[in-house]
Amino acid sequence: MNQQSPVRSGTAALTLAALGVVYGDIGTSPLYAFKEAFSGPHAMALNQQNVLAALSAVFWAVTCIISVKYVWLVLRFDNDGEGGVLALTALTHRLAERQRASTRMLAIIATLGVFAAALFYGDALITPAISVLSAVEGLGVATPHFEKFVVPITIGVLIALFSIQRFGTGRVGALFGPITCLWFLVIGVLGLQSIIETPVVLQALNPLYAIDFAIGQPGKMFVLLAAVFLALTGGEALYADMGHFGARAVRIAWFGLVCPALMLNYFGQGALVLRDPAAIKNPFYLLAPDSLLLALVVLATAATVIASQATISGAFSITQQASRLGYLPRIGVRHTSDRERGQIYVGSVNWIMLLGVLLLVLEFRSSSALAAAYGIAVSGTMIITSILVAIVLLLTAGRSRLPLLALLALFVVLESGFLASNLSKVADGGWFPLLFGSAVFLLLMTWKKGSSLVARQRSAIDLPVQGIAASVLQGIPRVPGTAIYLASDRNLVPSALFHNLKHYHVLHEHLILVHVRTEEVPYVEAGGRLQLDRSEPGLLRIDVRFGFREEPDLPAALASAASQGVGIDPMTTTYFIARSVVQDGPGELSAWRCALYAWMTRQAEGAAAYFRLPPNRVVELGTQVLL
């Protein structure tokens, strides 16, 4: 199936699949979110006033941040159908360039987006660990004899989850969608039954309960925000996974099933602890009758596996976008569906994440301990998303711009409160996502800086294309065939051509310089893929454009040049590529960052494999670069 003309599945099928991929994360928050408000070192006293205040805060936080901000507003700001903070960053950057924004402004936009993406990776590691742990801990509620098996079972479930990723999110979503649908129906019914027994909890729908609590006890509200925020985790993954299924399916699933079921369950837990304060040890599982407890544990475990799927898929999307936009080296990406163009698998990221998740489980060993580490990364990413959407609004015209900016300002204030509350948990485990996010941010910015320095050095050494045919190539013996040289700069002759001339003293009869450009849009239409330049006699220049979500296939793209009168015979064509060998030198990068960049260069997928070049038609030439 042509990537530029993807066939979308029916809305019903996409909505069901979206349940299985997009909403797993936020859908399993009832397992631990409400409980954390009344447990741990900063637990609130368990009384009716505090329970109603907590429920009111949860309801209005979910309504404002998830229903209004993400599902209603942010999903509108897609980049040609793709979501996620890097896609939003690319959109913002493109609009800022059109408005001729300053270099400083462009740098700020890029830095914000990259830092948010780095924080997202921290969330992507913690979500599988805390979700699956919280579900398997239900075995300890059923019988204390199972408590010693919680960690081993969790590890086994996680290994199985990451092992099936290679089959693709489409198949995973089709498998998990019905299970997730059952999950939301079950937790909604359990919550509704409890609410019917103690309907007083419905008073918490009044926002004054949360407002009065914040005014009367600001210190306790500050601490409560960290627990309330656990009900919001998954919002950013929702946005990042939008490209897999489309905004329409995501909205239908949220308003039609997910949101009502979540609210019923949270209020049901509140009603339960008002009737029986001892149930606060695990109010989610104690909603169920004893005869159904083990069945609920099994269903919850399946649901938390699905919760992990949302962030894993989001991590794949963010990694591909970072690579295409120049913040990571070339990474092997496999598209797992002929129908849905956003469904991908990144093997290296998959196994690195599995290792990180297993280390987290072994280190923290309980969902309550991990809850302290959860929230900082997500709240930071949410704030940056709000800021970037605000910048997009400022760069575009529209009657509704001012009201939306005012709304975003409110969101930033709320999210800043959540971030401040979560920062109080740094010593209890919150240091992990900050440390991990900072490390990822360093990798992303080092690759971007090193790549720009390499390009600048090459531009200073390589000769310009203009006039090269008359000044250098004139009189050089020619041999039959076509030589295609990959050029990092369309206006410069690639060093591989001069190395070839230096060693063999001949050139091919047909010379083509190919410059591959990644655009700040996810996909490029077939008609705009190639741009030919015949201004230099005996030398053809071709610009090939790919979107940042596409899997580049250079031979297939060049084959379409036949429609413009350029025939490229695969059997007589040789591709010449240059591989840089980075060494420390008197450049702008410090020695340790130069070593880091050199290491990342060695991990990059080779240009031949990345561009799908035929292995038996490739000649690779090494060049030394001093940074």
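**Entry 1. Burial and the salt bridge at Asp543**

I take a residue as buried when its relative accessible area is under 20%. The model I am reading is predicted. With that cut-off in hand I looked up aspartate 543, which has 4% relative accessibility and therefore counts as buried. I then looked for its partner and found that aspartate 543 forms a salt bridge with arginine 490, with 2.6 Å between the closest N and O atoms. The two residues belong to distant parts of the chain, 53 residues apart: aspartate 543 sits in strand S6 (residues 539-547), and arginine 490 in the loop between strand S3 (478-486) and helix H22 (495-504). Arginine 490 counts as partly exposed, because its relative accessibility is 27%.

**Entry 2. A second pair on strand S6, and the network**

I stayed with strand S6 and turned to arginine 545. Arginine 545 forms a salt bridge with glutamate 519, and the closest N and O atoms are 2.9 Å apart. Since arginine 545 lies in strand S6 and glutamate 519 in strand S4 (residues 507-519), this pair ties together parts that are 26 residues apart in sequence. I noted 23% relative accessibility for arginine 545, which makes it partly exposed. Glutamate 519 stands at 16% and so counts as buried. I asked which residues are joined into one network by salt bridges that share partners. They are Arg490, Arg517, Glu519, Asp533, Arg541, Asp543 and Arg545. Both pairs recorded so far, Asp543 with Arg490 and Arg545 with Glu519, have their residues in this network.

**Entry 3. The salt bridge between H14 and H9**

I searched the whole structure for salt bridges and recorded 9. One that I examined is between the side chains of arginine 275 and glutamate 197, at 3.6 Å from N to O. This pair also links distant parts of the chain, 78 residues apart, with arginine 275 in helix H14 and glutamate 197 in helix H9 (residues 169-197). I checked whether each partner is buried or exposed. Arginine 275 is partly exposed at 34% relative accessibility, whereas glutamate 197 is exposed at 57%.

**Entry 4. Helix H14: crossing and a buried tyrosine**

I kept to helix H14 and examined its crossing with H1. Two packed helices are described by the angle between their axes and the distance between the axes. The axes of helix H1 (residues 11-21) and helix H14 (residues 247-275) come within 8 Å of each other and cross at roughly 70°. I therefore entered H1 as roughly perpendicular to H14. The handedness of the H1 and H14 crossing is right-handed.

Tyrosine 266 is also in helix H14. I found tyrosine 266 at 1% relative accessibility, so it counts as buried. I looked up the separation of tyrosine 266 from glycine 188: their C-alpha atoms are 9.1 Å apart, while their positions lie 78 residues apart in the chain numbering.

**Entry 5. Asparagine 50 in helix H4**

I next located asparagine 50 in helix H4 (residues 48-73). Asparagine 50 is buried, because its relative accessible area is 3%. From C-alpha to C-alpha, asparagine 50 and isoleucine 195 are 17 Å apart in space, and in sequence they are 145 residues apart.

**Entry 6. Positive phi outside glycine**

I looked up two residues that have a positive phi and are not glycine. Arginine 365 has phi of about 65°, and its place is in the loop between helix H16 (347-364) and helix H17 (367-371). With a relative accessible area of 47%, arginine 365 is partly exposed.

Histidine 505 has a positive phi near 60° and is placed in the loop between H22 and S4. Histidine 505 counts as exposed, because its relative accessibility is 54%.

**Entry 7. A nonpolar surface patch**

Which residues make the nonpolar surface patch of about 240 Å²? I recorded Phe146, Phe149 and Ile153. I followed phenylalanine 149 further and placed it in the loop between helix H7 (138-142) and helix H8 (150-163). At 39% relative accessibility, phenylalanine 149 counts as partly exposed.

Conventions. Residues are numbered from 1 along each chain as its sequence is written. This is a predicted model: local features need pLDDT of at least 70, side-chain atom pairs count only at pLDDT 80 or more; totals for chains, interfaces and linings use all residues. Side-chain values use heavy atoms; hydrogens and water are left out. Patches are made of residues with over 30% relative accessible area and no salt bridge: like charges are joined within 9 Å, nonpolar side chains (Val, Leu, Ile, Met, Phe, Trp, Tyr) within 5 Å. Accessible areas come from the Shrake-Rupley method with a 1.4 Å probe; for residues, only the protein chains shown count as cover. A salt bridge is a side-chain nitrogen of Lys or Arg within 4 Å of a carboxyl oxygen of Asp or Glu. Helices (H or I, at least four residues) and strands (E, at least two) are DSSP runs, numbered from the N terminus. Buried means under 20% relative accessible area, exposed over 50%, partly exposed in between (1.4 Å probe, protein chains only). Axes are lines fitted to C-alpha atoms, for helices over the stretch in contact, and angles run from 0 to 180 degrees between N-to-C directions. Angles under 35 degrees count as roughly parallel, over 145 as roughly antiparallel, 65 to 115 as roughly perpendicular and the rest as oblique. A crossing is left-handed if the near helix is turned anticlockwise from the far one by less than a right angle, and right-handed if clockwise.
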